[in-house]
Amino acid sequence: MSEAKTPTRTPGTDGPLTGVRVVELAGIGPGPFAAMLLADLGADVVRVDRPGGPGLGIDPAHDVTNRNKRSVVVDLKAPDGPARVLGLAARADVLIEGYRPGVAERLGVGPGDCHARNPRLVYGRMTGWGQDGPLAQRAGHDIGYIALTGALGMIGAPDEPPAVPANLLGDYAGGSLYLVVGILAALHHARESGTGQVVDAAIVDGTAHLSAMIHGMLSAGGWQDRRGANLLDGGCPFYGTYETADGRYMAVGALEPQFYAEFMRLLGIPEPAPARDDMSRWPELRAAVAARFKSRTRDEWTAVFADSDACTAPVLTLREAPHHPHLAARSTFTDHDGITQPAPAPRFSATPTAVRTGPARPGADTEAVVRDWGLAPGWAPASLPNPAVHNPQ
């Protein structure tokens with residue numbers, strides 16, 4: 001810990017990161033999601049919002065990525081803005097920013113400025129291209145990052161354009177999760193050594209890292225460098241999705257022989273069927289499987305494969321998923337303030353997590369943060385923004 005703190009929660013009741021203080025400089029996409037994950041795990045995350053509201057214009061009351069956080073508003077371009085952020089950094093364990101390289105330095109809140117105030121600080125930097133390299137100063141979004149790493153080119157049918165996996169693969173898997181892993185590792189190092197450091201989390205790096213197994217298979221000759229021709233990319237007829245009679249879909253992952261045998265038995269394709277290991281007959285096998293799935297509705301097939309090891313499941317929509325019996329039994333989704341949302345993950349036996357508060361409203365927690373973080377009374381501006389006002393840019 002960087003300074004003596006006054007706990008605002010009972011240790012061990014809000015997750016394993018209870019007592020860790022995090023400053024999040026407001027941004028969009030992977031930075032807020034990473035900060036939400038730390039907040040879900042119990043960290044006291046203070047989001048530094050900018051005047052004027054969020055950049056994408058979403059109503060703050062529905063921005064689930066800001067749950068379990070608190071918010072203050074600071075204008076970093078105002079004369080006292082950088083000093084106010086540095087005051088928070090001096091009392092924090094972690095700071096997260098998602099600006100283009102060099103912006104935080106120009107604003108006076110870069111790693112050098114922060115470490116001068118708090119040498120133990122873990123300074124997390126979230127970008128798409130990274131802090132250096134030819135594209136470091138260029139704008140970008142998830143789809144471009146995963147395109148350059150080869151990940152996007154693996155997804156979709158061979159005779160169609162690559163399928164876009166929302167922004168889950170780049171922003172969140174290759175970005176947010178790698179930033180959090182880096183922060184936790186650096187936090188451990190800071191506690192052991194007393195020295196903080198900068199974590200450079202680039203989405204291109206994380207997304208490339210996710211493809212490690214595929215690159216190994218490519219090197220070994222077990223993966224073709226094209227879409228829809230491999231075991232795990234939809235090329236295999238017993239690992240993919242199929243349309244049902246009602247225009248919905250079933251997902252099949254019957255890779256192992258024993259699961260494949262169960263799948264074929266329940267699907268109703270009698271022997272002799274095209275050999276599963278004869279890739280030359282995969283189109284014939286795919287056509288047979290597709291014809292069977294088209295003979296019944298998704299829910300009818302769901303009932304057929306229930307309580308089996310056929311590794312076959314219905315493809316649910318976002319609104320359907322929370323009501324699936326397994327997910328409902330595990331409380332994988334939760335409702336808070338009328339918003340259905342994924343519950344915190346993973347789960348801990350000794351320090352359980354929870355959705356403690358809804359999305360932080362910009363500026364709503366300034367007075368509490370000043371008190372709990374031991375900031376000088378003059379830290380807060382004379383007039384605080386009205387958190388009930390939604391004023392998107």
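**Asp-337 and Ser-331**

I started at Asp-337, which counts as exposed at 63% relative accessibility. In my notes, exposed means over 50% relative accessible area, buried under 20%, and partly exposed in between (1.4 Å probe, protein chains only). This is a predicted model, where local features need pLDDT of at least 70, side-chain atom pairs count only at pLDDT 80 or more, and totals for chains, interfaces and linings use all residues. I number residues from 1 along each chain as its sequence is written, and side-chain values use heavy atoms, with hydrogens and water left out.

Where does Asp-337 lie? I found Asp-337 in the loop between β10 and β11. Helices (H or I, at least four residues) and strands (E, at least two) are DSSP runs, numbered from the N terminus. The phi angle of Asp-337 is near 55°, a positive value in a residue other than glycine.

Ser-331 also has a phi near 55°, positive although the residue is not glycine. I located Ser-331 in the loop between α12 (325–330) and β10 (333–336). Ser-331 is partly exposed, with a relative accessible area of 44%.

**A cis peptide bond**

Next I looked up Ala-345 and Pro-346, which are joined by a cis peptide bond with omega at about -5°. Pro-346 has its place in the loop between β11 (339–342) and α13 (366–372).

**The whole protein**

Then I stepped back for an overview. I noted 13 helices and 11 strands in the protein. The C-alpha atoms fill a box of roughly 80 × 45 × 40 Å, taken along the principal axes. Of the 393 residues, 43% count as buried.

For contacts (heavy atoms within 4.5 Å), I looked at pairs with a separation of 6 or more: residues 24 or more positions apart account for 67% of them. The protein exposes about 19,300 Å², and carbon and sulfur atoms supply 57% of that area. Accessible areas come from the Shrake-Rupley method with a 1.4 Å probe; for residues, only the protein chains shown count as cover.

**Salt bridges**

How many salt bridges does the structure hold? I noted 17 of them. A salt bridge here is a side-chain nitrogen of Lys or Arg within 4 Å of a carboxyl oxygen of Asp or Glu.

One of them joins Asp-40 and Arg-67, with the closest N and O atoms 2.7 Å apart. Asp-40 lies in helix α1 (residues 30–40) and Arg-67 in the loop between β2 (44–49) and β3 (69–73), so the pair ties together parts that are 27 residues apart in sequence. Both Asp-40 and Arg-67 are buried.

I then turned to Arg-125 and Glu-97, whose closest N and O atoms are 2.5 Å apart in their salt bridge. This pair links distant parts of the chain, with Arg-125 in strand β5 (residues 122–127) and Glu-97 in strand β4 (residues 94–97), 28 residues apart. Are these two buried or exposed? Arg-125 counts as buried because its relative accessibility is 5%, and Glu-97 counts as buried at 1%.

My third pair was Glu-243 and Lys-294, whose side chains meet in a salt bridge at 3.9 Å, N to O. Glu-243 lies in strand β7 and Lys-294 in the loop between α10 (282–293) and α11 (298–305), so they tie together parts that are 51 residues apart in sequence. Glu-243 counts as partly exposed at 32% relative accessibility, and Lys-294 is partly exposed at 43%.

I also found a network: salt bridges that share partners join Asp-246, Arg-248, Arg-298, Asp-299 and Glu-320.

**A buried Asp without a bridge**

Asp-171 made me pause, as this residue is buried yet has no salt bridge. Which side chain of opposite charge is nearest to Asp-171? I found Arg-47, 13 Å away. (Lys and Arg count as positive and Asp and Glu as negative; His and the chain ends are not counted.) Asp-171 sits in helix α6 (residues 168–193). Leaving out residues up to four places away in sequence, Asp-171 touches Pro-30, Asp-142, Ser-176 and Ile-203.

**Helix α4**

My last look went to Gly-112 in helix α4 (residues 111–117). Gly-112 counts as exposed because its relative accessibility is 55%. The C-alpha atoms of Gly-112 and Val-198 are separated by 9.9 Å, while the two residues are 86 apart along the chain.
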